[in-house]
Amino acid sequence: MSATALSGRTAARRRGMSRLGWNLLGLLVFVTAGFPVYWMADTAFKPAKDAIDPDPSLLPTGVTLANFRRALTIADFWGPVGRSLIVSLSVVVIGIVVGMLAALAISRFAFRGRKIVIVGILAVQMIPLVAMIIPVFLLLNDLGQYDRLSGLIITYLTFILPFTVWTLRGFIVNIPRELEEAAMVDGCSRTGAFLRVVLPLLAPGLVATSVYGFIQAWNEYLYALMLMSQQNQTATVWLGNFTTKHGTEYAPMMAGATMMAVPIVVLFLLVQRKMAAGLTAGAVKG
């Protein structure tokens, strides 16, 4: 066997080993990330006594829907879920509209203080949310927005909008300005060029940003707990009803968490292609 052929076989073997190593690493990451979801769903369907077994089984020991019935009867379920949907969808719609216009202004127009705005957007994201609870509470109380969904929506927008603006700015910057100029030469106004040229190309970024905003608003717990009363609680706060002075009902809690995950899963399945395109947009130029 010639030295060239031997070298080729050695290189192919190394590539195969490298591919195998990356595949094993990917499998390890998948198992690590997916196991909590599996354990949540498994606990939701297993009998309540098995959920508190000190020697639990990794495999399902039985299937029952009693935990879901308990989750639906321990407290009002549809009310908190409905309020969470209203808040999350409102945050997404308002955040996308305002964030898209702000990102367009920052990326397409030169104005005084532009760099200050960009730095301010980054600085806001660095502030821990827990540090703003008392000021937000006092401000909403003065404005008459305490214990109101509109107040919660405004609060969520304060920490979702900066991310939305910054992310959409990156997508808009990657869209060549010459496309808009060509459309305007053909007779389109600036608004028409944006709607007909930029907006369709921006769709993957809008979807990816919307999903992030929806997940953030849907899963938020701390502000919903502090700013809303028991009568107006959201879905995440509703899960706290399973912890009482007598202990925690783990199986019904996992059933409730499983039902809460359904909207996120459905949303992701509906937009997964657009979201994948949005997350990889701009990775390759040309």
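In this predicted model, Asp 50 is buried, its relative accessible area being 16%. That value falls under the 20% limit for burial, so the residue is classed as buried. The side chain of Asp 50 meets that of Lys 49 in a salt bridge, with 3.2 Å from N to O. Lys 49, in contrast, has a relative accessibility of 61% and therefore counts as exposed. This salt bridge thus pairs an exposed lysine with a buried aspartate.

The structure holds four salt bridges, among them two that join parts of the chain distant in sequence. Arg 70 forms a salt bridge with Glu 249, and the closest N and O atoms of this pair are 2.9 Å apart. Arg 70 belongs to helix α3 (residues 66-74), whereas Glu 249 sits in the loop between β2 (247-248) and α12 (250-280), so the contact ties together parts that are 179 residues apart in sequence. Arg 70 is partly exposed, with a relative accessible area of 35%. Glu 249 also counts as partly exposed, at 26% relative accessibility. Both values lie between the 20% and 50% limits, which is why neither residue is classed as buried or exposed.

A salt bridge also forms between the side chains of Arg 108 and Glu 180, with an N to O distance of 2.4 Å. Arg 108 is part of helix α4 (residues 78-108) and Glu 180 is part of helix α8 (residues 177-185), and the two residues are 72 residues apart along the chain. Arg 108 and Glu 180 are both buried.

Helix packing was examined next. Two packed helices are described by the angle between their axes and the distance between the axes. For helix α7 (residues 149-173) and helix α9 (residues 190-219), the axes come within 10 Å and cross at roughly 160°. An angle over 145 degrees counts as roughly antiparallel, and α7 and α9 are therefore roughly antiparallel to each other. Their crossing is right-handed. Helix α9 also packs with α4, at an angle of about 140° and with the axes 9 Å apart. That angle makes α4 oblique to α9. The crossing of α4 and α9 is right-handed.

Individual residues within these helices were then considered. Ala 103 lies in helix α4. At 0% relative accessibility, Ala 103 counts as buried. The C-alpha atoms of Ala 103 and Ile 118 are 9.8 Å apart in space, and the two residues are separated by 15 residues in sequence. In helix α7, Thr 158 is partly exposed, with a relative accessible area of 43%. Between Thr 158 and Val 124 the C-alpha to C-alpha distance is 8.9 Å, and the pair is 34 residues apart in sequence.

Helix α7 is preceded by a loop that starts after α6 (133-143), and Asp 147 is placed in this loop. Most residues other than glycine have a negative phi. Asp 147, although not a glycine, has a positive phi of about 60°. The relative accessible area of Asp 147 is 21%, so this residue is partly exposed.

Towards the start of the chain, a nonpolar surface patch of about 630 Å² is made by Met 17, Leu 20, Leu 24, Leu 27, Phe 30 and Val 31. Phe 30, one of the residues of this patch, is in helix α1 (residues 3-45). Its relative accessibility is 60%, and Phe 30 therefore counts as exposed. Leu 59 is found in the loop between α2 (48-51) and α3. With a relative accessible area of 59%, Leu 59 is likewise exposed. The C-alpha atoms of Leu 59 and Trp 39 are separated by 9.4 Å, and these residues are 20 residues apart along the chain.

Methods: Residues are numbered from 1 along each chain as its sequence is written. This is a predicted model: local features need pLDDT of at least 70, side-chain atom pairs count only at pLDDT 80 or more; totals for chains, interfaces and linings use all residues. Side-chain values use heavy atoms; hydrogens and water are left out. Patches are made of residues with over 30% relative accessible area and no salt bridge: like charges are joined within 9 Å, nonpolar side chains (Val, Leu, Ile, Met, Phe, Trp, Tyr) within 5 Å. Accessible areas come from the Shrake-Rupley method with a 1.4 Å probe; for residues, only the protein chains shown count as cover. Helices (H or I, at least four residues) and strands (E, at least two) are DSSP runs, numbered from the N terminus. Buried means under 20% relative accessible area, exposed over 50%, partly exposed in between (1.4 Å probe, protein chains only). Axes are lines fitted to C-alpha atoms, for helices over the stretch in contact, and angles run from 0 to 180 degrees between N-to-C directions. Angles under 35 degrees count as roughly parallel, over 145 as roughly antiparallel, 65 to 115 as roughly perpendicular and the rest as oblique. A crossing is left-handed if the near helix is turned anticlockwise from the far one by less than a right angle, and right-handed if clockwise.
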